[in-house]
Amino acid sequence: MPLLLLLVLNAPSTARAANGCVQPGWATAGAHGLVALRPGERVRTCGGGTLKGPRLAPVTVARLGGVLRSGESRVDGLVGAHALSTGDLEGGGDADLPQLRERLETTRDNAMRLRVVLATILIALALFAPRRAVMGGPAALTAALVLSAVGWTSLSLFALLTLAGVFAPWRALWLFFAVYLLVLVAAPQTQSLALLGPHPWGGGRFYGVSNEIETLLLAPALVLGPAAAPLVLLTIGWSRAGADGGGLLVYLASYARLVPRPRLAAAGVVALAVAFVAVDAATGGSSHVTHSVLHGDVFHDLAHRWHTSWQGLTGAWGRMIVSLFCLAALAAVATRRPRRPIVDAFLIGIAVSLVANDTPQDVLFWGAISGVALRRAV
């Protein structure tokens, strides 16, 4: 059961293609693609050479043709070291590789600037128009998906579309989660390559809902109340959609606070999460979440997850100071009176996320902004 507190992170490893020899660059014969390598990951190439991460490297795999594709990445032309090792590869993908590489690199280069833009918008709204700030996460994600669908990476357009989207009424969140679920299932590349997405160039998460997105959508999901739980949980946790095991626990714990008998519901959170993943796997679902629950090493994975969290939180003085400031803001939200059940539910979700996920700096940062906005909005 504790495996549901984490998503499996592939440990640094040495990989080679089970379907053929890996050649650096795009050779004449074979299937072409880009391999995203995390720090410490290596891929052996023909002739005994090695590609070492972190990097986004062009490769060719012998005995296949066309463009590489893998169920582990769900992005044609982009694969990870683990897929090369296990042979979860095939040819025939549809991708313009130079264009894909340029888009990934542009999105990576814009990652920090995008977060500064989004944080500026959300902080201003939280202070002056908190009800609009609650819509900020869905508005930003919608803007990123629209731009991704047409292949654009403009931060100015992202900001304008986000500002326009925050003026939608709260009831529009029903439509947002329904459409977002459809996009994640039918067009996963749209989310993967979006400005606000899972950062596939890093070789970790290639698709679905990231910790950052999960935190931005928590307050809007709670605004809809427990009636929206089936739709939201399917969007966040289903392996064919968000595939976020940690997020599944976070949202279940938050919704448990909003039902008539919260203590009884809280006791069943882990059981419900296990049942959700079991049904997902039994109906053909497959992702790092189902693999984690059915085949993972709980103690090793849990220790690795917390070690990664600690390194992420304390790896830089600036990051640690910002995280402490955000923690203080959340504490202020938690101690304000009168108490609101929806705010308590949000804070419970943030607390679970700090245990279940491995990027506490993202959870604290976006959680603090969203928490202040939600408290002032209600």
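**Close-up views of a predicted model**

**View 1. D76 counts as buried, because its relative accessibility is 14% and the cut-off for buried is under 20%.** Keep in mind that what you're looking at is a predicted model. D76 has a partner here: a salt bridge joins it to R69, with the closest N and O atoms 3.6 Å apart. R69 has a relative accessible area of 30%, so this residue is partly exposed.

**View 2. R69 also forms a salt bridge with E90.** This time the closest N and O atoms are 3.9 Å apart. The two residues come from distant parts of the chain: E90 is in the loop between α1 (81-86) and α2, R69 is in the loop between β6 (55-61) and β7 (78-80), and 21 residues separate them. E90 is partly exposed because its relative accessibility comes to 44%. Put the shared partners together and you get one network of salt bridges made of R69, D76 and E90. As for the general idea, side chains of opposite charge can pair when their charged atoms come close.

**View 3. R38 and E41 make a salt bridge through their side chains.** Look for the N to O distance of 3.8 Å. Are these two residues buried or exposed? Both R38 and E41 are buried. If you'd like to hunt for others, the total count of salt bridges is 8.

**View 4. Helix α2 has a kink.** The helix covers residues 97-128, which is 32 residues. From the first C-alpha to the last, α2 reaches 44 Å, close to the 46 Å expected at 1.5 Å a residue. Where is the kink in α2 centred? Find A111: the kink is centred there and comes to about 50 degrees. A handy thing to know while you trace a helix: an α-helix has 3.6 residues a turn, so residues three or four places apart point the same way.

**View 5. Here is the largest cavity, with a volume of about 80 Å³.** Searching the whole structure turns up 2 cavities of 30 Å³ or more. How do you spot such gaps? Rolling a probe the size of a water molecule over the atoms shows where empty space is left. The lining of the largest cavity includes L122, V134, L216, P220 and I369. Three elements, α3 (130-134), α8 (211-223) and α17 (360-377), each give two or more residues to that lining. As for chemistry, the lining of the largest cavity has 8 nonpolar residues, 2 polar ones and no charged ones.

Technical notes: Residues numbered from 1 in each chain as written. Predicted model: local features only at pLDDT ≥ 70, side-chain atom pairs only at ≥ 80, totals over all residues. Heavy atoms only, no water. 1 Å grid on protein atoms, 1.4 Å probe; cavity = no way out; pocket = protein on both sides within 12 Å on 5 of 7 lines; lining within 4 Å. Points joined across faces, edges and corners; volume = space filled by probe spheres on them. Helix = DSSP H or I, 4+ residues; strand = E, 2+ residues; numbered from the N terminus. Nonpolar A, V, L, I, M, F, W, Y, C, P; charged D, E, K, R; others polar. Expected span 1.5 Å × (residues − 1). Bend = angle between axes of the 7 residues up to and from the residue. Salt bridge = Lys/Arg side-chain N within 4 Å of Asp/Glu carboxyl O. Buried < 20%, exposed > 50% of the residue type's maximum accessible area, 1.4 Å probe, protein only.
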